[in-house]
Amino acid sequence: MIYVLSGSDRVKIQSAITKILGGDYEIFDGADLKPQDIMNIFKGATLFSAERKILIKDLTPAAKGKDDSSADGSAGAEEKADLYEEVAKYIDTKHTVVIWETTLSRKKSFKDFIKSPKVQTKKYEAAKPADAGVVFDILDTAYRDGARAVKMVEKIKDDNDPYMFFGLLVSQALKRREKRVLKELSKLDIKMKTSTIEPWALISSFLLSVSSL
């Protein structure tokens, strides 16, 4: 299987790589690779196993600026070979391969490559700071209708950090001077730091309880 990972959240990407490849894998820098190297990577085997775990970083060449020049100083250095055309030849590989891209290619070869059912793609974007106004609306709704507040959370949670969201919940509760709510938020704080339950699930459970406090 081949995985293509991208996005701005490097921590999540590294975590995903560890889950896929484990702690022991080979690393290749795409900037240093040529078509012949791709064949060697996919056709090769280690001394102890025919199946390898491989991480390739940045197969897509970095964009060149107008002032970029070749090694001899002349303008317009030769464009790097399209390595995805080469990788596509080994799409049935028995190795586990992760390609970590900083910039996704716009070429047809890449778009065709990721259409294959033998390629999995995932983008990990860094969470945006929670919006205080949105948090206010959700907490205000929770006082009347916890289920509706949870639905509001479902719409925004993929783009927000749960811990930042929780911090704004506390700020809004402090403004309201709601002692019972603050007491429950204190309990929620401990749960989010110690529980194995997903943070958003804990926040949703809290919101469901607000109207009955």
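In what order do the elements of the protein chain run from the N terminus on? Colour the chain by secondary structure and follow along: the run is β-α-β-α-β-α-β-α-β-α-α-α-α-α. That gives nine helices and five strands in the protein chain. Keep in mind as you click around that this is a predicted model.

Before zooming in, take in the whole chain. Of its 213 residues, 35% count as buried. Among contacts between residues at least 6 apart in sequence, 77% join residues at least 24 apart.

**Stop 1: the sheet**

Show the strands and hide everything else. You should have an open sheet of five strands, ordered β2-β3-β4-β1-β5, with parallel pairing. At the edges are β2 (26-29) and β5, each of which pairs on one side only. Tilt the view to see the twist: neighbouring strands of this sheet are turned by 20 degrees against each other on average, direction ignored.

**Stop 2: strand β1**

Now select residues 2-6, which form β1. Is this strand enclosed or open to the outside? Five of its five residues are buried, so β1 is largely enclosed by the rest of the structure. Turn the strand and look at each face: I2, V4 and S6 lie on one side, Y3 and L5 on the other, and all of them are buried.

Add the neighbours of β1 next. With β4 (residues 96-101), β1 pairs in the parallel sense over five bridges. Strand β5 (residues 119-123) also runs parallel to β1, joined to it by five bridges. I2 is a handy marker for both pairings: its bridge partner in β4 is V97, and its bridge partner in β5 is V119.

**Stop 3: helix α1 and W100**

Bring back residues 10-21, helix α1. This helix lies across β1, β3 (53-57) and β4, and it runs at about 170 degrees to β4.

Stay with β4 and select W100, which is found in that strand. How accessible is W100? Its relative accessible area is 6%, so W100 is buried. Show its surroundings as sticks: leaving aside residues up to four places away in sequence, W100 touches L5, R10, I13, Q14, I17, L55, I56, K57 and D58. Try a distance label between the C-alpha atoms of W100 and I17: they are separated by 8.8 Å, although the two residues are 83 apart along the chain.

**Stop 4: helices α5 and α7**

Leave the sheet and select helix α5 (residues 132-142) together with α7. The two pack at an angle of about 65 degrees, with their axes 9 Å apart, and their crossing is right-handed. On the α5 side, look for A132, V135, F136, I138, L139 and D140; these meet F165, L168, L169, Q172, A173 and R176 in α7. Coloured by class, this contact divides into nine nonpolar residues, one polar and two charged.

**Stop 5: helices α7 and α8**

Keep α7 (residues 162-176) and add α8 (residues 179-194). Their axes come within 10 Å and cross at roughly 160 degrees, which makes α7 roughly antiparallel to α8. This time the crossing is left-handed. The α7 residues in the contact are P162, Y163, F166, L169, V170, A173 and L174, and those of α8 are V181, L182, L185, L188, D189 and M192. By class, the count is 12 nonpolar, no polar and one charged.

**Stop 6: helices α6 and α9**

For the last stop, select residues 146-156 for α6 and 199-210 for α9. How do these two helices run relative to each other? Their axes come within 8 Å and cross at roughly 155 degrees; α6 and α9 are therefore roughly antiparallel. Look down through the pair and you will find that α6 passes α9 in a right-handed crossing. From α6, G146, A147, A149, V150, V153 and I156 take part in the contact, and from α9, W200, S204, L207 and L208. Of these residues, eight are nonpolar, two polar and none charged.

Key:
Residues are numbered from 1 along each chain as its sequence is written. This is a predicted model: local features need pLDDT of at least 70, side-chain atom pairs count only at pLDDT 80 or more; totals for chains, interfaces and linings use all residues. Side-chain values use heavy atoms; hydrogens and water are left out. Axes are lines fitted to C-alpha atoms, for helices over the stretch in contact, and angles run from 0 to 180 degrees between N-to-C directions. Helices (H or I, at least four residues) and strands (E, at least two) are DSSP runs, numbered from the N terminus. Angles under 35 degrees count as roughly parallel, over 145 as roughly antiparallel, 65 to 115 as roughly perpendicular and the rest as oblique. A crossing is left-handed if the near helix is turned anticlockwise from the far one by less than a right angle, and right-handed if clockwise. Contact means heavy atoms within 4.5 Å. Ala, Val, Leu, Ile, Met, Phe, Trp, Tyr, Cys and Pro count as nonpolar, Asp, Glu, Lys and Arg as charged, and the others, Gly among them, as polar. Buried means under 20% relative accessible area, exposed over 50%, partly exposed in between (1.4 Å probe, protein chains only). Two strands pair if DSSP finds at least two bridges between them.
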